[in-house]
Amino acid sequence: MNMDNMKDNGSVTDWFLEHPVMSTLRPSYPRGPWHYKDMHQLIVTYESTAEAVRAVVPRPLEPAEGNRVTIEWRNMTEVSGFGPYVEIGHSVACTFEGKPVIYVFQAFLNSESPTLAGREILGFPKRHGEPELKAVREVLTGTLSYGGTQVALATMPYRMVDLSDRLAEIEQELQTTQLVLKLLPDVDARTPKVAQLVKVNLYDVRLKGAWGGPAELFMVPHVGCPVAALPVVRVLEGRQHLWDMTLNDGEVVHDYLEARAR
Ligand SMILES: CC(=O)CC(=O)O
């Protein structure tokens, strides 16, 4: 796009050039950085089947040993620009160029603005869903509903095993490289326009609390919301975290279209 021409013929404002997000009347998300404060997170790590894991992991990523999958609920209580929302991320432990990474293959959110920002900027595979994370008596309970039908239920005792003595180590773990596959078609709806593996940059990570304990996870097969596509063979670990971080940008670590053109 020739931005100078657009500017000269008056069809666009300087403001648009600085913040090129649809719609021009009211961009669907604010510019970052987005500061997340007091995020409550429930993470259930489980073993799935080798076939299911292989089916969602794009090369050159390789699934790590053990077919380890995580499903996590994040209660974003205070976020600059976006306001509060709840998100579920579903990821596989992988390796990329020999190093451990987390590959996020689907996510469900209850708010439009961070859904669109995540998809358009970084390529997060975010979709609308109705996730919820709350303490129900002594149990931290994560649910996901899709169109009114509950498709996931995760439970673990609320703040049972205090992991304060491991905060530094867990804070490092939270900064394991996170990758997403940004896939966008051209206007013919067929030709790939963007096909990139993107590293999501996390800044100012500060872990304020961590707790462990047993967890249970139940997922229901649903064509519109395929959380059960990675079935649970056995639950490995439950965790709760309270933390802050900042999101702003990402980095392309592999460009499939460039690699194909070479
Ligand atoms: C910009 C984003 O990608 C926001 C989020 O992760 O919810």
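This is a walk through the structure above, from its ligand pocket to its sheets and a few odd spots in the backbone.

First, some ground rules. What you see is a predicted model, in which local features need pLDDT of at least 70 and side-chain atom pairs count only at pLDDT 80 or more, while totals for chains, interfaces and linings use all residues. Residues are numbered from 1 along each chain as its sequence is written. Helices and strands are DSSP runs numbered from the N terminus (H or I with at least four residues for a helix, E with at least two for a strand).

Let's start at the ligand. Its surroundings are made by Glu87, Pro114, Ala117, Gly118, Leu122, Phe124 and Leu247. To be near a molecule in this sense, a residue needs its C-beta atom, placed from the backbone, within 6 Å of that molecule. Sorted by class, this shell holds 5 nonpolar, 1 polar and 1 charged residues. Here Ala, Val, Leu, Ile, Met, Phe, Trp, Tyr, Cys and Pro count as nonpolar, Asp, Glu, Lys and Arg as charged, and the others, Gly among them, as polar. Which helix gives the largest share of the shell? That is α4, residues 112-122, with 4 residues.

So stay with α4 for a moment. Its buried residues are Pro114, Thr115, Ala117, Gly118 and Leu122. A residue is called buried if 20 or more other C-beta atoms, placed from the backbone, lie within 10 Å of its own, exposed if there are 12 or fewer, and partly exposed in between. An α-helix has 3.6 residues a turn, so residues three or four places apart point the same way. The cover over the buried residues of α4 includes β5 (85-96), β6 (99-109), β7 (126-128), β12, β13 and β15; contact means C-beta atoms, placed from the backbone, within 7 Å. Right after α4 comes Gly123, with a positive phi near 90°.

Now for the inside. The largest nonpolar core has 46 residues, and Val92, Tyr103, Ala154 and Val180 have the most contacts inside it. Such a core is a set of buried Ala, Val, Leu, Ile, Met, Phe, Trp, Tyr and Cys residues joined through C-beta atoms within 7 Å. Strand β6 gives the most to this core, with 8 residues. Take Val92 as an example: leaving out residues up to four places away in sequence, Val92 touches Val53, Val56, Val57, Pro63, Val69, Tyr103 and Phe105.

Next, the strands. Strands of a sheet pair through backbone hydrogen bonds, either parallel or antiparallel. Two strands count as paired if DSSP finds at least two bridges between them. Strand β15 (residues 234-255) pairs antiparallel with β1 over 12 bridges, and Gln41 has His241 as its bridge partner there. β15 also pairs antiparallel with β13, this time over 14 bridges, and in that pairing Tyr203 is matched with Thr246.

Elsewhere there is an open sheet of 4 strands, antiparallel, in the order β8-β9-β10-β14. Its edge strands are β8 (130-136) and β14 (216-219), each pairing on one side only. From one strand to the next, the twist averages 10°, with axes fitted as lines to C-alpha atoms and angles running from 0 to 180 degrees between N-to-C directions. β8 and β9 (residues 139-146) share 7 bridges; Glu130 sits opposite Ser145, and Val136 has Val139 as its bridge partner. The hairpin of these two strands has 2 residues between them, and Arg137 takes a positive phi near 55° there.

Finally, a few backbone oddities. Where are the cis peptide bonds? One runs from Gly32 to Pro33, with omega near 0°, and Pro33 is in the loop between α2 (14-18) and β1 (34-47). Another joins Arg59 and Pro60, with omega about 10°, and Pro60 is in the loop between α3 (50-56) and β2 (62-63).

Positive phi turns up beyond glycine, too. Asp38, in strand β1, has a phi near 55°. Why does Asp38 count as partly exposed? Because it has 14 C-beta neighbours inside 10 Å. Ala189 has a phi near 70° and lies in the loop between β12 (178-185) and β13 (192-213). Ala189 is exposed, because only 6 other C-beta atoms are within 10 Å.

Note on methods: Two residues are in contact if their C-beta atoms, placed from the backbone, lie within 7 Å.
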